[in-house]
Amino acid sequence: LMGVALAAEYVLLHLLSRVYSRKDTLALGKFSLNLTGCPNGGVLPQTIYELIDAFVPKSVFLPLTLENLNSRQFCPKKDYSANRLKSGLLQLTDSTNLVLDETALVAGQLDTTGVRNLTALGNAIRWQKVDYDFVYHSADFPCNLVV
């Protein structure tokens, strides 16, 4: 991987990881990977995504821009007027590889939607749970995302 054998080995182990069991709130088997030292504004995150996409059946690329965080809906939300559940970005099938581009982050202000989305993303990474917003209450559903 760009000349770094250890990083390539970690990516391979990351691709093989899956949640195999849950103990209380802990998801056993997940192996989230954060590659650091990538230049800002470079093509490396997109290149890594394309490499992963060639090997796995399901993958999603999400640049973490202020616009994406503040305007998009990460969690599914119930629309009672249409009587349907509006899908969110984190409503993905099991074993979907989610590649986040943190190099797209710039200084700016997160609004309440952005904070809620960032919190939901953190919960999906750490606890492997996605919050479904039913307006009057929310419910956590387990997920198995490779992030």
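Let me start with the contacts in this predicted model: among those between residues at least 6 apart in sequence, 61% join residues at least 24 apart. As you follow the chain from the N terminus, the elements run α-β-β-α-β-α-β-β-β-α-β-β, which comes to four helices and eight strands. The radius of gyration is 16 Å, and the globule rule gives 15 Å for 147 residues, so the protein is as compact as a globular protein of that length. Along its principal axes, the C-alpha trace spans about 55 × 40 × 25 Å.

Now let us turn to the inside. Of the 147 residues, 32% count as buried, and in general, nonpolar side chains in soluble globular proteins tend to be buried together. Here the largest nonpolar core has 17 residues, and among those with the most contacts inside it are Leu62, Leu64, Phe74 and Leu90. Which elements each supply at least two residues of this core? They are β6, at 97–101, α4, at 112–126, and β7, at 129–133, and of the elements α4 gives the most, with three residues.

If you would like one residue to look at in the viewer, please take leucine 90, which touches Phe74, Leu98, Ala120, Leu121, Ala124, Val130 and Leu145, leaving aside residues up to four places away in sequence. There is also a second core, separate from the one I have just described, with eight residues that include Leu15, Ile48, Val56 and Val99.

Next, I would like to point out two places in the backbone. Most residues other than glycine have a negative phi. Glutamine 128, however, has a phi near 55 degrees, a positive value in a residue other than glycine, and its place is in the loop between α4 and β7. Valine 135, found in the loop between β7 and β8, also is not a glycine and has a positive phi of about 65 degrees.

Are these two residues buried or exposed, or partly exposed? Glutamine 128 has a relative accessible area of 0%, and because buried means under 20%, it counts as buried. Valine 135, with a relative accessible area of 44%, is partly exposed, because that value lies between the 20% and 50% limits.

Finally, a word on the outside and on charge. The accessible surface comes to about 9,000 Å², and 56% of that belongs to carbon and sulfur atoms. The protein has 13 positive and 13 negative charges, and the mean positions of these two sets are 8 Å apart.

Methods:
Residues are numbered from 1 along each chain as its sequence is written. This is a predicted model: local features need pLDDT of at least 70, side-chain atom pairs count only at pLDDT 80 or more; totals for chains, interfaces and linings use all residues. Side-chain values use heavy atoms; hydrogens and water are left out. A nonpolar core is a set of buried Ala, Val, Leu, Ile, Met, Phe, Trp, Tyr and Cys residues joined through side-chain atoms within 4.5 Å. Buried means under 20% relative accessible area, exposed over 50%, partly exposed in between (1.4 Å probe, protein chains only). Contact means heavy atoms within 4.5 Å. The radius of gyration is taken over C-alpha atoms; the globule rule is 2.2 Å times the number of residues to the power 0.38. Accessible areas come from the Shrake-Rupley method with a 1.4 Å probe; for residues, only the protein chains shown count as cover. Lys and Arg count as positive and Asp and Glu as negative; His and the chain ends are not counted. The place of a charge is taken as NZ of Lys, CZ of Arg, CG of Asp or CD of Glu.
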